[in-house]
Amino acid sequence: MPTPSPQSELRADARRNYERLVSSAREVFAARGVDAPMDDIARHAGVGNATLYRRFPTREALLQAVHRHQIEALYARSQELLAARSPDTGLETWLRELVVQGSTSRSLATALMLALRDEGSDVSWCRETMYSAAAALLDRAQQAGSIRADVAVGQVLKLANAIAFVTECEPDGEEQADQLCAVVMDGLRHRRSHGTPDVGV
């Protein structure tokens with residue numbers, strides 16, 4: 001699903017500028033937040049504003065580039081977990097890892113939020129990659145009957161992203177995130193009409 005990285009198609013000098021901008025954006029976002037002025041990122045990278053906007057016309061496009069490696073890794077992990085013995089465990093494991101990644105990097109959580117909210121071209125790769133990863137795991141668990149059939153992939157991703165946002169600045173954020181993921185998974189699991197979990201699914 002992930003496409004070749006854009007910098008692989010650039011000539012050497014353009015590739016250096018691309019990598020310098022992405023590295024600078026990562027540092028600026030970490031130090032000042034995702035609302036830091038784009039012009040400051042260009043200045044930090046030692047390039048002109050025109051170079052920045054030619055490569056990244058929007059903040060969303062830059063955020064996606066900053067976190068491309070993490071997004072690709074999350075996609076690859078989803079493919080590994082499709083072989084998990086328990087489909088709902090595979091889904092739960094991936095969601096927990098997504099939450100951990102997002103909670104340790106607010107700009108990743110922001111990038112994912114923008115991708116889930118907007119279908120624009122600047123975030124289409126991120127959106128398609130994350131939807132593909134989550135959809136395969138969710139569909140497998142639903143086909144096995146262990147996850148409710150009325151749950152959509154977008155809902156699951158939004159829940160995971162929300163957990164990442166609310167736990168990011170907490171001193172015990174990882175523990176809280178783990179507890180909240182357990183609550184979400186409990187709600188996602190298929191239950192009989194009388195309210196007790198299915199057995200042996």
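**View 1. D40 and R32 joined by their side chains.** In this predicted model, the side chains of D40 and R32 are linked by a polar contact of 2.9 Å. D40 belongs to helix 2, which covers residues 38-45. Buried or exposed: how does D40 count? With a relative accessibility of 19%, D40 counts as buried, because the cut-off for buried is under 20%. Keep this pair in view as we move on to the helices around it.

**View 2. Helix 1 meeting helix 2.** Here we step back to see how the axes of helix 1 (residues 12-32) and helix 2 come within 8 Å and cross at roughly 125°. That angle makes helix 1 oblique to helix 2, because it falls outside the ranges for roughly parallel, roughly antiparallel and roughly perpendicular. The crossing of the two helices is right-handed. Which residues bring them together? From helix 1 come R20, L21, S24, A25, E27, V28, F29 and R32, and from helix 2 they meet D40, I41, A42, H44 and A45. The pair from the opening view, D40 and R32, is among the residues listed on either side.

**View 3. S107 and its partner H67.** Now to helix 7 (residues 106-117), where S107 is placed. The S107 side chain makes a polar contact of 2.7 Å with the side chain of H67. Leaving aside residues up to four places away in sequence, S107 touches F29, V34, L63 and H67. S107 has a relative accessibility of 10% and so counts as buried.

**View 4. The largest nonpolar core.** This core holds 33 residues, and W94, L98 and M130 are the ones that touch the most other members. Which helices each supply at least two residues of it? They are helix 5 (68-81), helix 6 (87-103), helix 7, helix 8 (124-143), helix 9 (153-167) and helix 10 (173-188). Helix 8 gives the largest share, with eight residues.

**View 5. W94 and its surroundings.** For a closer look at one residue of this core, we turn to W94. Not counting residues up to four places away in sequence, W94 touches L74, R77, S78, L81, M130, A133, A134, L137 and L157. One of these contacts, M130, is itself listed with W94 and L98 as touching the most other core members.

**View 6. A second core, set apart.** Apart from the largest core lies another one, made of 22 residues. Its members include F29, V34, L62 and A111. Two of those names may be familiar from View 3: F29 and V34 are among the residues that S107 touches.

Note on methods. Residues are numbered from 1 along each chain as its sequence is written. This is a predicted model: local features need pLDDT of at least 70, side-chain atom pairs count only at pLDDT 80 or more; totals for chains, interfaces and linings use all residues. Side-chain values use heavy atoms; hydrogens and water are left out. Helices (H or I, at least four residues) and strands (E, at least two) are DSSP runs, numbered from the N terminus. Buried means under 20% relative accessible area, exposed over 50%, partly exposed in between (1.4 Å probe, protein chains only). A polar contact is a pair of N or O atoms within 3.5 Å; within protein, one must be able to donate a hydrogen and the other to accept it, and residues adjacent in sequence count only if both atoms are side-chain atoms. Contact means heavy atoms within 4.5 Å. A nonpolar core is a set of buried Ala, Val, Leu, Ile, Met, Phe, Trp, Tyr and Cys residues joined through side-chain atoms within 4.5 Å. Axes are lines fitted to C-alpha atoms, for helices over the stretch in contact, and angles run from 0 to 180 degrees between N-to-C directions. Angles under 35 degrees count as roughly parallel, over 145 as roughly antiparallel, 65 to 115 as roughly perpendicular and the rest as oblique. A crossing is left-handed if the near helix is turned anticlockwise from the far one by less than a right angle, and right-handed if clockwise.
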